[in-house]
Amino acid sequence: MPAVGESRSLYVHVPFCLSRCSYCDFHSSVPNPQALEAASEAWLAAIRVHLDTLGRRFGRTGYGTVYLGGGSPSCLPRGTLSRTLSLIGAEARAGGSDPVEFTMEANPEDVDATLLDTLVQAGVDRLSIGVQSLEDDARTIAGRRGDALSTMRNLERIAGSWGGRWSADLMYGLPGQSVEGLARDVENIADFGLGHLSLYELTLEEGTPLSKSAASGGVRIPGDDERGDQYDAAREILARTGFKRYEVSNWAIPGQECIHNDVYWNMGDWLAVGPSGVANVAASCGSFLRLENTADDALYLDDPAASCSESIVAGKDAAFECLMTALRRTKGFDLAIFKQRFGLEAATVFGRLEEGYPDLVCLEGDSWRATDRGLDTLNGPLLSALSSAERFYAESAPSKGGPPR
Ligand code: SF4
């Protein structure tokens, strides 16, 4: 949870990809190359208007961190990408200082010397590279662009010529992935000398081609034991090569943790432009203003700010979101900051999690921290905390005077 006066962050959603991955339910479309030129220009015009509207409403004070994600930002036509970067760079620096972190997601297949040069000129200082797997069977089933060999060559190019920080995304539990293959992927990627790695377990999202194919028996999803073995193999190599797990799915060489994502886990303030982007701004008494951009591209392009819905997340929902996101990190959930924000003792709202789940949550100093095992299985403590918060807020409903402050 942020200190008063801490700067705001910015998320920019690029709603285009060059192909769809079979497991993915993120918002993006796949225009053909001619259509992409026009569609990306229209998108850029819309985010320009949206940034201007947000600046007038919340103040044009710059952004502490910027994250350009999607979709595939690196698939934007190069001219559009340059103008996008210069627009959001100028917004980020409007307060007079550079952002402390400026990340762009990129598909390794799109990365060449010209792209890297464009990013450096624009002030991008961190790359997040979607690798997912270096096993060809898994890549084919996942629908990833490029084969393992070309992905490795592109990673070599990044390692050899990118001077900023960079991260790779890997998945486990993909059909076609093996324990040995994932271990080799982690070794190979760690050898490139990058400072951050995100390791996500496959989730079968409803309606995706992969979930349909798994349901019909067309592909075999690795079982729990196999996934566990894959994760253990990856974890052992990451620990041996100097990476520390600092969040459920994120590992970094100390000092290379993602600053932007910590704003999310901290329930800090961030704005979002681009279809389907979601923003969060602190309101009174621990509540948040939540702004959700429409995922309907046509509506967004027509009037970005008007197509965005707003709600206040308050009471139990706000308190529980703070707990749920903070407990994902090894630095945990700060009880004093919770009290400052909500005027309540966390144990009064959520119960004494360290007593109910001593092997999963511990009390260290003034924070609840998930243990190593807890980071793998937070469901128990979170469900218990949610029931306790529901009871607490129901019993202190407005007719009874509201939650004590
Ligand atoms: S490139 Fe990324 S956003 Fe696009 S379909 Fe694949 S996983 Fe989803």
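Thr118 sits in helix H3, which covers residues 113-122; helices (H or I, at least four residues) and strands (E, at least two) are DSSP runs numbered from the N terminus. With a relative accessible area of 19%, Thr118 is buried. Buried means under 20% relative accessible area, exposed over 50%, and partly exposed in between, using a 1.4 Å probe and protein chains only. Apart from neighbours within four places in sequence, Thr118 is in contact with Ser82 and Leu85, where contact means heavy atoms within 4.5 Å.

The model is predicted: local features need pLDDT of at least 70, side-chain atom pairs count only at pLDDT 80 or more, and totals for chains, interfaces and linings use all residues. Residues are numbered from 1 along each chain as its sequence is written, and side-chain values use heavy atoms, with hydrogens and water left out.

**The chain as a whole**

The protein chain has 16 helices and 15 strands. Its C-alpha atoms fill a box of roughly 60 × 50 × 40 Å along the principal axes. The radius of gyration is 22 Å, which agrees with the value near 22 Å for a compact globule of 405 residues. This radius is taken over C-alpha atoms, and the globule rule is 2.2 Å times the number of residues to the power 0.38.

Of the 405 residues, 54% count as buried. Among the contacts with a separation of 6 or more, 68% join residues 24 or more positions apart. The protein chain exposes about 17,200 Å², and carbon and sulfur atoms supply 51% of that area. Accessible areas come from the Shrake-Rupley method with a 1.4 Å probe; for residues, only the protein chains shown count as cover.

**Arg245 and Arg8**

Arg245 belongs to strand E7, residues 244-247. Arg245 counts as buried because its relative accessibility is 10%. Its C-alpha lies 8.6 Å from that of Arg235, a residue ten places away in sequence. Beyond neighbours within four places in sequence, Arg245 is in contact with Tyr231, Arg235, Asn250, Trp251, Thr330, Asp372, Leu375 and Asp376. Two of these partners, Tyr231 and Asp376, also appear in the table of polar contacts below.

Arg8 is placed in the segment before strand E1 (9-14). Its relative accessible area is 17%, so Arg8 is buried. Not counting residues up to four places away in sequence, Arg8 touches nine residues by name: Phe58, Gly62, Tyr63, Gly64, Thr65, Asp269, Trp270, Leu271 and Val281. With Phe58, the side chain of Arg8 reaches the backbone oxygen.

**Tyr264 and the polar contacts**

Tyr264 is part of helix H9 (residues 259-265). Leaving aside neighbours within four places in sequence, its contacts are Tyr11, Trp270 and Thr325. Between the C-alpha atoms of Tyr264 and Cys322 the distance is 9.6 Å, at a sequence separation of 58 residues.

A polar contact is a pair of N or O atoms within 3.5 Å; within protein, one must be able to donate a hydrogen and the other to accept it, and residues adjacent in sequence count only if both atoms are side-chain atoms.

| Side chain of | Partner | Distance |
|---|---|---|
| Arg245 | Tyr231, side chain | 3.2 Å |
| Arg245 | Asp376, side chain | 2.8 Å |
| Tyr264 | His260, side chain | 2.6 Å |
| Arg8 | Phe58, backbone oxygen | 3.2 Å |

**Backbone angles**

Most residues other than glycine have a negative phi, and most peptide bonds are trans. Met267 is not a glycine, yet its phi is positive, about 50°. Met267 lies in the loop between H9 and strand E9 (270-273), and its 2% relative accessibility makes it buried. Ser276 also has a positive phi, near 75°. Ser276 is in the loop between E9 and strand E10 (278-282) and is partly exposed, with a relative accessible area of 24%.

The peptide bond from Gly70 to Gly71 is cis, with omega near 25°. Gly71 is in the loop between strand E2 (65-70) and helix H2 (78-92).

**Around the ligand**

Gly71 is also one of the residues surrounding the ligand. The others are Cys17, Ser19, Arg20, Cys21, Tyr23, Cys24, Ser72 and Arg144; a residue is near a molecule or strand if one of its heavy atoms lies within 4 Å of it. By class, this shell has four nonpolar, three polar and two charged residues. Ala, Val, Leu, Ile, Met, Phe, Trp, Tyr, Cys and Pro count as nonpolar, Asp, Glu, Lys and Arg as charged, and the others, Gly among them, as polar.
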